[in-house]
Amino acid sequence: MKKRWMCLLAALALTVGVAASPLTGDAAPLKADGDGKVVADGTCSMTVYPEDQNKPQEERFGEDLAQAGVVVDIYRVADAMKTEGQDACYFEPVDGYDLEIPAYPKAEDWVRLAQQAARTALGGNGAAEPVERGMAVGTAITGLDTGLYLVIARGGALTDTKDYVTEIEQETDSQEGEVRLATMANSAQYTYLFAPQLISLPDRLTETAEDGTVTNMGDWNYEPVISLKPERAARYGSLEIVKTLLEHESMEGIQESVTCVFEVTGELAGELVYSEVESITFTEAGRESVVLDQIPALAQVTVREVYSGASYELTVPGDRSATIAADDVVSVEFENVYNGRQTNGHGIKNQFVRDESGAWLWHSDPTQEARGNEGLPPVRTGIRPAEEER
C-alpha cells in the first residue's frame with residue numbers, strides 16, 4: 001500500500017489548510033470570554049466541498065467523485081485564545097491532543113500538526129472523538145464553537161479506520177522516506193485520497209506581496225467554506241478463467257497433456273486497456289482455472305478460446321465476456337468435450353508485450369528458438385493505464 005501511493009504525496013502535501021495565524025488589522029475585532037477563549041456572536045459553521053467548485057468543469061473529478069460518497073468527520077483539537085492587547089489569536093490544545101503549536105506557524109508546521117492530530121484522532125486509543133461524524137460534503141456543519149478543527153474525509157460506507165486509513169511513503173529532496181497518513185474514498189473505478197486538514201474557526205484571509213509582506217487584512221470569518229484537493233488512482237480487479245474438460249484423449253492407454261489457450265482483451269470507454277494471452281493445461285479430465293490480476297476496474301473483458309487442442313471442441317461455442325469489479329474476482333467458464341480425433345501435440349504460451357518505447361516484444365513459454373523471441377516475459381504483462389492521475 002505504501003508503494004502504491006508514493007507518487008501522490010507531493011500533491012497531497014499541498015492540500016492541508018492553514019489556520020489563522022496571530023495577525024492584526026482594522027476588521028471587526030475578536031471577542032473573548034473571561035478565560036480568554038475567542039467567542040462568536042453566534043455559533044460557527046463550516047462547509048466542506050470534496051473539490052474546488054471554482055475549477056473548470058473539465059478539470060474536476062465530478063460525477064465519479066460524487067459516486068464515492070465522501071463524508072467528513074470533524075475533530076476539535078485546540079481552543080482559540082485571544083492574544084492579549086491584539087486583534088489576534090493563538091491555539092491551546094484540548095485534552096487528548098499533545099500538539100506543540102508555534103506562536104507563528106508556517107505552512108510546513110500545519111502539515112506536521114495535521115499529521116500529528118490525525119494520528120491521535122484515528123489511532124484507535126479512544127483519546128479523541130469527533131464532534132461531528134459522517135457529515136455530508138457540500139452542506140453547512142453548524143453549531144460549532146471557535147477553535148482549531150481537524151477535518152478527515154472518507155468514504156461514507158467506510159466506517160472502520162482499517163478500511164479508509166492508509167500510509168504514504170514520501171520521497172522528496174528535503175526529507176526522504178517520510179511516512180504520512182491519508183484517508184480514502186472509493187468509486188467503482190477510482191480510489192480518492194485525502195490529506196488530513198486543519199481549519200481555524202474563525203479564519204482570516206490576507207493578501208501578501210511577493211516578498212511575503214501582508215498588504216491587506218480581511219475580516220474574521222466564522223463560516224468558512226473549504227475545498228478539499230483529492231488525488232485519485234485507478235482501481236483494479238481480477239478475472240478467473242474456469243475450464244472444464246469432460247473427457248481426456250488417450251493414445252494407446254497413455255494420457256497426454258492438452259493445452260487450451262485464451263486471448264483476453266479489455267476495453268474501457270472505448271480504449272484498449274488490457275491485452276493478454278493465457279493457457280490452461282490438462283493431464284486428465286476435470287476442472288482447472290487461472291486468475292489474471294491487475295485489470296482496470298469497470299473494463300469490459302472479452303475472453304476467446306483460440307486453441308482447444310485438435311481433439312477437443314467447446315460444448316457452447318463463442319466468446320465469454322464480463323465486467324471487472326474493483327478488488328474482486330469475476331469468472332468466465334468454458335467447457336470442452338473430446339471430439340473423437342486422436343492426435344499428438346503440445347501447447348506453447350505466446351505473449352506479446354509492449355515495451356516502454358511502444359514496440360511489441362514476443363515472449364514464449366517454453367522459450368522457443370525463433371527470431372525475435374525475447375524469452376520469458378516480465379511478471380507484469382499486458383497493456384495497463386497509469387496507476388496515478390493528476
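A residue is called buried here if its relative accessible area is under 20%. This is a predicted model. By that cut-off, 44% of the 390 residues in the chain are buried. The chain holds 4 helices and 29 strands. Two separate nonpolar cores, a helix called α3 and an open sheet are the topics below.

**Helix α3**
- α3 has 15 residues. From first C-alpha to last, α3 reaches 21 Å, close to the 21 Å expected at 1.5 Å a residue.
- Which residues of α3 are buried? They are D109, W110, V111, L113, A114, Q115, A117, A118, T120 and A121.
- An α-helix has 3.6 residues a turn, so residues three or four places apart point the same way.

**Largest nonpolar core**
- The largest nonpolar core has 28 residues. Within this core, Y75, V77, Y97 and L150 touch the most other members.
- Four elements each give two or more residues to this core: β4 (70-82), β5 (89-93), α3 (107-121) and β8 (147-155).
- The largest share comes from α3, with 6 residues.
- In soluble globular proteins, nonpolar side chains tend to be buried together.

**Contacts of Y75**
- Leave out residues up to four places away in sequence, and Y75 touches Y97, A121, L122, A128, E129, P130, V131, L148, Y149, L150 and I152.
- Among these partners, Y97 and L150 are also listed with Y75 as touching the most other core members.
- A121, another partner of Y75, is one of the buried residues of α3.

**Second core**
- A second core is separate from the largest one and has 25 residues.
- Its members include L239, I241, I295 and A299.

**Open sheet**
- 4 strands form an open sheet with antiparallel pairing. Their order is β21-β20-β23-β25.
- β21 (271-282) and β25 (320-323) are the edge strands, and each pairs on one side only.
- From one strand to the next, the twist averages 20°.
- How many bridges join β20 to β23? There are 7 bridges between β20 (residues 258-268) and β23 (residues 300-307), and the two strands run antiparallel.
- F262 has E305, in β23, as its bridge partner.

**Whole chain**
- Take the contacts in the chain with a separation of 6 or more: residues 24 or more positions apart account for 69% of them.
- The chain exposes about 20,000 Å². Carbon and sulfur atoms supply 45% of that area.

Terms used:
Residues are numbered from 1 along each chain as its sequence is written. This is a predicted model: local features need pLDDT of at least 70, side-chain atom pairs count only at pLDDT 80 or more; totals for chains, interfaces and linings use all residues. Side-chain values use heavy atoms; hydrogens and water are left out. A nonpolar core is a set of buried Ala, Val, Leu, Ile, Met, Phe, Trp, Tyr and Cys residues joined through side-chain atoms within 4.5 Å. Buried means under 20% relative accessible area, exposed over 50%, partly exposed in between (1.4 Å probe, protein chains only). Contact means heavy atoms within 4.5 Å. The expected span of a helix is 1.5 Å times one less than its number of residues. Accessible areas come from the Shrake-Rupley method with a 1.4 Å probe; for residues, only the protein chains shown count as cover. Two strands pair if DSSP finds at least two bridges between them. Axes are lines fitted to C-alpha atoms, for helices over the stretch in contact, and angles run from 0 to 180 degrees between N-to-C directions.
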